[in-house]
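The following explanation concerns charged side chains and their surroundings. Please keep the sequence and the model in view while reading.

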Amino acid sequence: KSLSDAEVVASISELAEVISGIAGKINLISLNASIEAARAGELGKGFAVVAGEIGKLASDTTVAVREIQDTVAGVREAFDTLIDSAQNMLSFVNDTVTPDYKNFVNMARQYHNDADLVDKMSKDLSLMAENISAIMSDVGQAVNSIAASTQETAENCKETHYSVASVAETVDNVADMAQIEENVSLELLEVVSKFKI
């Protein structure tokens, strides 16, 4: 649009040149009329006044045309500056703003994905904590059962032995679950450390 507007300014400049040429011709006609009026003597005085006014009008037109040409030159320079500024702005948007925006969008997506991962790991951790709590309850019951069994007769020794084996297995399960929970905690800590405030 700026380029098409600049073409309009160029058209005005061309019209000013045409008007300047016409003013020059009118000035020449005025000079010729003044010469003819002088030759006519007394009879040409009225004609000389008209020729003088025409000459003055031609001079005023020439001055006005020069001012128009100066203004057109200023407008043309302003258009050139505007076009350069617009090109610089477009380059800035294409080279700087657009890549930064894309990086921002990618970072937001990554934060979203990390948040989903943290949420999943938190749920997994909560489930494991519930499982460990249940196992600990089982361990407590097994320990109570062992205590009761030790007060019973020797016949209950076999039962006590089975209870101890069950407790040992349960303790192994607790150890396994504790190891898994530790691994999940380390993964969660690694994910959380990526977030910057």
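D124 and K120 both belong to helix α2, where four residues, about one turn of the helix, separate them. In this predicted model, their side chains form a salt bridge with an N to O distance of 3.1 Å. Side chains of opposite charge can pair when their charged atoms come close. D124 has a relative accessible area of 28% and therefore counts as partly exposed, since that class lies between under 20% for buried and over 50% for exposed. K120 is likewise partly exposed, because its relative accessible area is 48%.

Another pair is found in helix α2, which spans residues 45–150: K123 and D119 both lie there, four residues apart, about one turn of the helix. The side chains of K123 and D119 meet in a salt bridge, at 3.3 Å from N to O. As for solvent access, K123 is exposed, because its relative accessibility is 56%. D119, with a relative accessible area of 40%, is partly exposed.

A further salt bridge joins the side chains of E42 and K45, with 3.3 Å from N to O. E42 has a relative accessibility of 61% and so counts as exposed.

How many salt bridges does the structure hold? The total is five, and among them are the pairs D124 with K120, K123 with D119, and E42 with K45.

How values were computed
Residues are numbered from 1 along each chain as its sequence is written. This is a predicted model: local features need pLDDT of at least 70, side-chain atom pairs count only at pLDDT 80 or more; totals for chains, interfaces and linings use all residues. Side-chain values use heavy atoms; hydrogens and water are left out. A salt bridge is a side-chain nitrogen of Lys or Arg within 4 Å of a carboxyl oxygen of Asp or Glu. Buried means under 20% relative accessible area, exposed over 50%, partly exposed in between (1.4 Å probe, protein chains only). Helices (H or I, at least four residues) and strands (E, at least two) are DSSP runs, numbered from the N terminus.
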